Amino acid sequence: MGGGRILRRRGGPAQRRPDRPGIGRDRPTSITSRDRSVWPRRELAAPAGVSIDYYVRLERGKETHPSPSVVEALADALRLNEEERGFLRELATRAARRAPEPCPLPSQRVRPTVTQLLETLRPNPAYVVSRTNDLLAANPGGLRLLHGIADWPERQRNTVRYTFLHPAAHVTVGGVQAARWGC
């Protein structure tokens with residue numbers, strides 16, 4: 001059982017009693033339907049000294065690194081006994097140790113429909129780059145636009161690398177800029 005499930009179970013309507021100090025005392029007499037879901041969280045977040053938004057993130061498991069003082073404050077607000085406090089501390093420690101999932105690497109392949117589009121654009125130059133400026137695909141005009149990049153191995157074809165390291169780049173890139181500015 002995760003920490004969020006404990007917070008949802010312990011903070012649910014069956015666990016709140018008016019005779020428990022600090023919980024339910026300041027509830028208004030008229031509650032809108034929107035407020036019904038917020039009040040239990042407000043009643044637990046306020047005594048714990050955390051915002052409702054932070055409490056909701058904890059409850060949903062989106063925040064996995066609460067400080068020990070926050071864990072203790074939540075345990076106090078939930079009126080947990082020593083065994084339950086230990087369990088909550090252990091869950092928080094386990095969640096903090098768990099490494100986040102790494103983002104998947106972007107695909108370095110071009111879909112066949114994109115390749116087909118590049119061919120239909122002929123004789124106009126066109127090429128496709130990744131978010132790291134790797135050259136993924138190009139039609140013949142696109143390769144002529146980046147003169148000499150076709151001589152490099154496919155894994156080294158990067159437009160930024162080309163701009164700074166290829167001897168022909170200063171002619172291509174520099175010539176375009178000089179023509180644009182009239183230098």
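**Entry 1. Second largest pocket**

I listed the lining of the second largest pocket and found Gln108, Asp134, Leu135, Leu136, Ala137, Ala138, Leu143, Glu154, Arg155 and Arg157. I note here that the model is a predicted one. I then looked up the space in the second largest pocket and got about 290 Å³. Which element gives the most to this lining? It is strand S2, residues 135–138, with four residues. Sorted by class, the lining of this pocket holds five nonpolar residues, four charged ones and one polar one.

**Entry 2. Whole chain**

I went back to the overall layout. I find nine helices and two strands in the protein. Their order along the sequence is α-α-α-α-α-α-β-β-α-α-α. Of the 183 residues in the protein, 30% are buried. The protein exposes about 12,800 Å², and 55% of that comes from carbon and sulfur atoms. I also checked the contacts between residues at least 6 apart in sequence: 34% of them join residues at least 24 apart.

**Entry 3. Helix H3 and what follows**

For H3, residues 52–60, I wrote down the buried residues as Tyr54, Tyr55, Val56, Leu58 and Glu59. Glu59 is on that buried list. After H3 comes glycine 61, with a positive phi near 80°.

**Entry 4. Serine 67**

I placed serine 67 in the loop between H3 and H4. Is serine 67 buried or exposed? Neither label fits, because its relative accessible area is 30%, and buried means under 20% while exposed means over 50%. Serine 67 is therefore partly exposed. Its side chain makes a polar contact with the side chain of serine 69, at 3.0 Å. I also took the C-alpha to C-alpha distance from serine 67 to threonine 93, which is 9.5 Å across 26 residues of sequence.

**Entry 5. Helix H4 and arginine 79**

In H4, residues 68–78, the buried residues are Val70, Val71, Ala73, Leu74, Ala75, Ala77 and Leu78. I wanted a reason to look at spacing in such a list. In an α-helix there are 3.6 residues a turn, so residues three or four places apart point the same way. Val70 and Leu74 are both on the H4 list, as are Val71 and Ala75.

Arginine 79 comes just after H4 and sits in the loop between H4 and helix H5, residues 82–97. Its phi is positive, about 60°, although arginine 79 is not a glycine. I marked this for a second look because most residues other than glycine have a negative phi. Arginine 79 counts as partly exposed, because its relative accessibility is 38%.

**Entry 6. Asparagine 133**

Which loop holds asparagine 133? I found asparagine 133 in the loop between S1 and S2. Asparagine 133 is not a glycine, yet its phi is positive, near 70°. With a relative accessible area of 28%, asparagine 133 is partly exposed. Asp134, listed in Entry 1, is part of the lining of the second largest pocket.

**Entry 7. Proline 123**

Last, I checked for peptide bonds that are not trans. Most peptide bonds are trans. The bond joining arginine 122 and proline 123 is cis, with omega about 10°. Proline 123 lies in the loop between helix H6, residues 112–120, and strand S1, residues 127–129.

How values were computed
Residues are numbered from 1 along each chain as its sequence is written. Side-chain values use heavy atoms; hydrogens and water are left out. Buried means under 20% relative accessible area, exposed over 50%, partly exposed in between (1.4 Å probe, protein chains only). Contact means heavy atoms within 4.5 Å. Accessible areas come from the Shrake-Rupley method with a 1.4 Å probe; for residues, only the protein chains shown count as cover. On a 1 Å grid over the protein atoms alone, a cavity is a set of points where a 1.4 Å probe fits but cannot get out, and a pocket is an open set with protein on both sides within 12 Å along at least five of seven lines; lining residues have an atom within 4 Å of a point. Grid points are joined across faces, edges and corners, and a volume is the space filled by probe spheres set on the points. Ala, Val, Leu, Ile, Met, Phe, Trp, Tyr, Cys and Pro count as nonpolar, Asp, Glu, Lys and Arg as charged, and the others, Gly among them, as polar. A polar contact is a pair of N or O atoms within 3.5 Å; within protein, one must be able to donate a hydrogen and the other to accept it, and residues adjacent in sequence count only if both atoms are side-chain atoms.
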